[in-house]
Amino acid sequence: MGSFINQVKRTHTCNQLTAKNVGEEVVLFGWVDTRRDHGGLIFIDLRDRDGLTQIVFDPDLSKNAHEAAHDVRSEYCIGIKGKVRNRPSGMTNPKLPTGEIEIEALELEVFNKSKTPPFLIDDKIDTNEDVRLKYRYLDLRRPQLQRNLRLRSKVTGIVHDYFNRNGFLEIETPFLTKSTPEGARDYLVPSRVHPGHFYALPQSPQLFKQLLMVSGYERYYQIARCFRDEDLRADRQPEFTQIDVEMSFVNADDVMNMMEGLVVEVWEKVLGIKLKTPFIKMPYQECMDRYGLDAPDTRFGMELKIVNDIFLNTGFQVFKSAATEGLIQAMKVDGGAKFSRSEIDDFTKFVGIYGARGLAYIKILENEWQSPITKFLSETEKAELTKRLDLKVGDIVFFGAGKKKIVYDSMGNLREHVAAKLKMLDDNQYNFLWVTDFPMFDYDDEAKRLVAVHHPFTSCKYEDISLMDSEPLKCRANAYDLVLNGNEIGGGSIRIHDQEMQSKVFDLLKITREEANAKFGFLLDALQFGAPPHGGLAFGLDRLAMLLTQSTSIRDVIAFPKTQKATCPMSEAPSTVDPKQLLELSIAINKIQT
């Protein structure tokens, strides 16, 4: 055992050999993907992270290798030595880079046997995800996951190269830091040497990257690990990675232009696609009015129209009250009159998820408008709707009416839901959109106070500063998000660099001076020592990789992800610990009674 490792070296990977190598003696290492015994000849597809190569064991060429191949099974780790030859006529496999050749095995060594895997190592096998995560080291052998992680690695290499070329310094920030909960819950780490005190794992490097700007480093980046204790879904994990960037002496356009350059380079080097720049910029309010969402999918039309003015004096009371006190949005679906009653019922249930109490509709038929609400509409209202929405026979119109937030949310998601149902989404089309001019503040009805839409360090648009005292809800933030096909892939802002302005924002958010100093005192102190104007952005690397690989979950682009319950079936984390460890940390566990 071990003669291959000690005496010979691998000459090629399992994806490299072609007809140009015929006649060469080669050494390959890998895992047995499949084994086929043809009654004399034994065929093995050998797999490594690069691909597959077919190996032929012929007793007339090497009796010892042939006998050894009899005992080999799937997922055995082996090494082979042999000679490259052309596959017989009619036996080539054009789907494989190595499909023209095969290897005549002269020697075989089994480095390690394998138990029968709990599932086949095959992209086409539909295996329960919990099982795959339990045996993640086997799941990671699947070609698709290996391609995903290779692509992710390539992206990080491009990121390093791009920022290094553009004068950025890669600087690491602490993992063990102060708890400053703003949104998601912190993961806390108890301190042994300071009993009763805790570190927090960073939700982002936000405060530290701002301090680096105060320190005069001007251009910082980091591929940063971040941690948030929040409820999970397909595109969230308790620990995730972001491409974190901060720049001094810049405005919003400077940051967006620099980030566009990175995206263009990633798409060209990873997918071979040349993106058109500059990306479209759209103010938040226009985005909401046209698409209902602040991260819309713009690969298709079917835009929403505000029709409040048409129904100010309507006989339909639901629309009349919404027209004066809320919002009415209409969405025309070309040819949608073919939707059945049950399909419309399903759409009604769908918008209910987002708080809508119903979904009004009108089918535009040859001789009539078919709908339960048409009896309430005047001929003038019908004419204005026809003109505003460019209605034609065969169309259907859906209406959302009520409170603005519910209408935006329900109609925006319905638009994308209907588009998916009608197969209007092209996976090979990449529509980027900068969403700008977000509201700086929102009002929390439960807490009875203003809250920051982004975070409390986001600056106000210069032209709106005068509104901060009188009408703060009209203030727009100097913030920007980059959206791709309905996914927010990055977001950032120009920061507040003036301590007086920062204190003013804290006052509006009803964060007391004592609370601000307790949470962010070191930043507030730093802003008094010549802090430069600065801003930045963070890309979600996991989400970026998910979209580049056309995966449906970020778990498919993370080597060892957690489940939606924030557990790791493989390592069985989180777990209990030895009581002695808790004693050292001055921690006692109280059982919660249910």
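A residue is taken here as buried when its relative accessible area is under 20%. In this predicted model, 48% of the 594 residues of the protein chain count as buried by that criterion. The protein chain contains 16 helices and 22 strands, and its C-alpha trace spans about 95 × 75 × 55 Å along the principal axes. Of the contacts between residues at least 6 apart in sequence, 68% join residues at least 24 apart.

The protein chain exposes about 30,600 Å², of which carbon and sulfur atoms supply 50%. With regard to charge, 77 positive and 85 negative charges are counted in the protein chain, and the mean positions of the two sets lie 3 Å apart.

Helix H10, which comprises the twelve residues 341-352, was examined in greater detail. At 1.5 Å a residue, H10 should span 16 Å, and the distance of 17 Å between its end C-alpha atoms agrees with this expectation. Within H10, the residues Ile344, Phe347, Phe350 and Val351 are buried. Viewed down the helix axis, the buried residues of H10 fall within an arc of 110°, and they therefore line one face of the helix. Such an arrangement can be read against the general geometry of the α-helix, in which there are 3.6 residues a turn, so that residues three or four places apart point the same way. As for the partners of this face, the buried residues of H10 pack against strand E14 (360-364), strand E16 (396-402) and helix H12 (404-421).

Note on methods
Residues are numbered from 1 along each chain as its sequence is written. This is a predicted model: local features need pLDDT of at least 70, side-chain atom pairs count only at pLDDT 80 or more; totals for chains, interfaces and linings use all residues. Side-chain values use heavy atoms; hydrogens and water are left out. Helices (H or I, at least four residues) and strands (E, at least two) are DSSP runs, numbered from the N terminus. Buried means under 20% relative accessible area, exposed over 50%, partly exposed in between (1.4 Å probe, protein chains only). Contact means heavy atoms within 4.5 Å. Accessible areas come from the Shrake-Rupley method with a 1.4 Å probe; for residues, only the protein chains shown count as cover. Lys and Arg count as positive and Asp and Glu as negative; His and the chain ends are not counted. The place of a charge is taken as NZ of Lys, CZ of Arg, CG of Asp or CD of Glu. The expected span of a helix is 1.5 Å times one less than its number of residues. The arc is that of the directions from the helix axis to the C-beta atoms.
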